[in-house]
Amino acid sequence: EHSYDFPNGDPKLESVYEKRNSSYSVSDMEVQLDAETIAQLNKMMSAFETETGLGGMQVFSGYRDKADQDSRYEDGSTGFRGGYSDYHSGRSFNLKINFGDGTSDYYNAEKYPKYSWIAEHAAEYGFVVRYPDGKDEKTGEDSRTYTFRYVGVPHALYMQEHNLCLEEYIDYLRQFTFDGSHYQIQCGEKTYEVWFEYGTQVHVPKEGSYTVSGNNVDGFIVTAEQNTAE
């Protein structure tokens, strides 16, 4: 509903082909994703291979610029014009399974349960299924099991636990303003404090690590490991 304006420097794109590890493949040399997304994807795929002994995972359809999206819209392969696709974020991608016998299929944990480790553990690496079952009216897209989105570990774990799609989660965060109540997410030994800032004046922690992420509509989500802000 709100067009993305392609600001300079966001996302910080890198070639998946050049930055990937040996635990998965990529469909071609042109696929790009945000640098942090690739870093976490490498960790997840390495753990998947180690824990299951399986390979054959392939990434396809990463970042799309406006011209690419418009071309897909014109040929009927998508219902979203340029500026209105989640792939513009550089943090969404698709997964496919190559079975090693010349056949392949889109990633589906229920259809191929021995590959379910990824769906079960993706949130631990900051990933969620972008278009989960039963959320079509919220996302504006048909549900599918093979499109993942990087949102960061605390948010992914919360969304998974409470069965929220990204649209629902962003709406949920609006109640936690800096001047009001914040909410905390416990992830192992780390505690994250999260609040929403309307407008462009954003409070950030005095010390410690934090991220600030715009919602592309009317404000920013601050995620901090420190409880003190200024």
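Begin by selecting Phe 6, which sits in the segment before strand S1, where strands (E, at least two residues) and helices (H or I, at least four) are DSSP runs numbered from the N terminus. This is a predicted model, in which local features need pLDDT of at least 70 and side-chain atom pairs count only at pLDDT 80 or more, while totals for chains, interfaces and linings use all residues. Residues are numbered from 1 along each chain as its sequence is written, and side-chain values use heavy atoms, with hydrogens and water left out.

Although Phe 6 is not a glycine, its phi is positive, at about 55 degrees. The residue is partly exposed, with a relative accessible area of 23%, on a scale where buried means under 20%, exposed over 50% and partly exposed in between (1.4 Å probe, protein chains only).

Next, select Asp 10 and Pro 11, and look at the peptide bond that links them, which is cis, with omega near 0 degrees. Pro 11 likewise belongs to the segment before strand S1 (13-15).

Now move to the sheet, an open one whose four strands follow the order S9-S10-S12-S11 with antiparallel pairing; two strands count as paired if DSSP finds at least two bridges between them. At its edges are S9 and strand S11 (210-214), each pairing on one side only. Neighbouring strands of this sheet are turned by 20 degrees against each other on average, direction ignored, the axes being lines fitted to C-alpha atoms (for helices over the stretch in contact), with angles from 0 to 180 degrees between N-to-C directions.

Select strand S9 (residues 183-187) together with strand S10 (residues 190-198), an antiparallel pair joined by five bridges; here Ile 185 has Tyr 192 in S10 as its bridge partner. Two residues lie between the strands of this hairpin, where Gly 188 takes a positive phi near 65 degrees.

Continue from S10 to strand S12 (residues 219-224), with which S10 pairs in the antiparallel sense over six bridges, and find Trp 195 opposite Val 222 in S12. Val 222 is also the bridge partner of Val 212, in the antiparallel pairing of S11 with S12 over five bridges.

Finally, show the helices on the sheet: H6 lies across S9, S10 and S12, running at about 95 degrees to S9, whereas H7 packs on the sheet and touches S9, S10 and S12, its direction making about 130 degrees with that of S9; contact means heavy atoms within 4.5 Å. In the loop between helix H6 (153-161) and helix H7 (166-173), select Asn 163, a residue other than glycine whose phi is positive, near 55 degrees.
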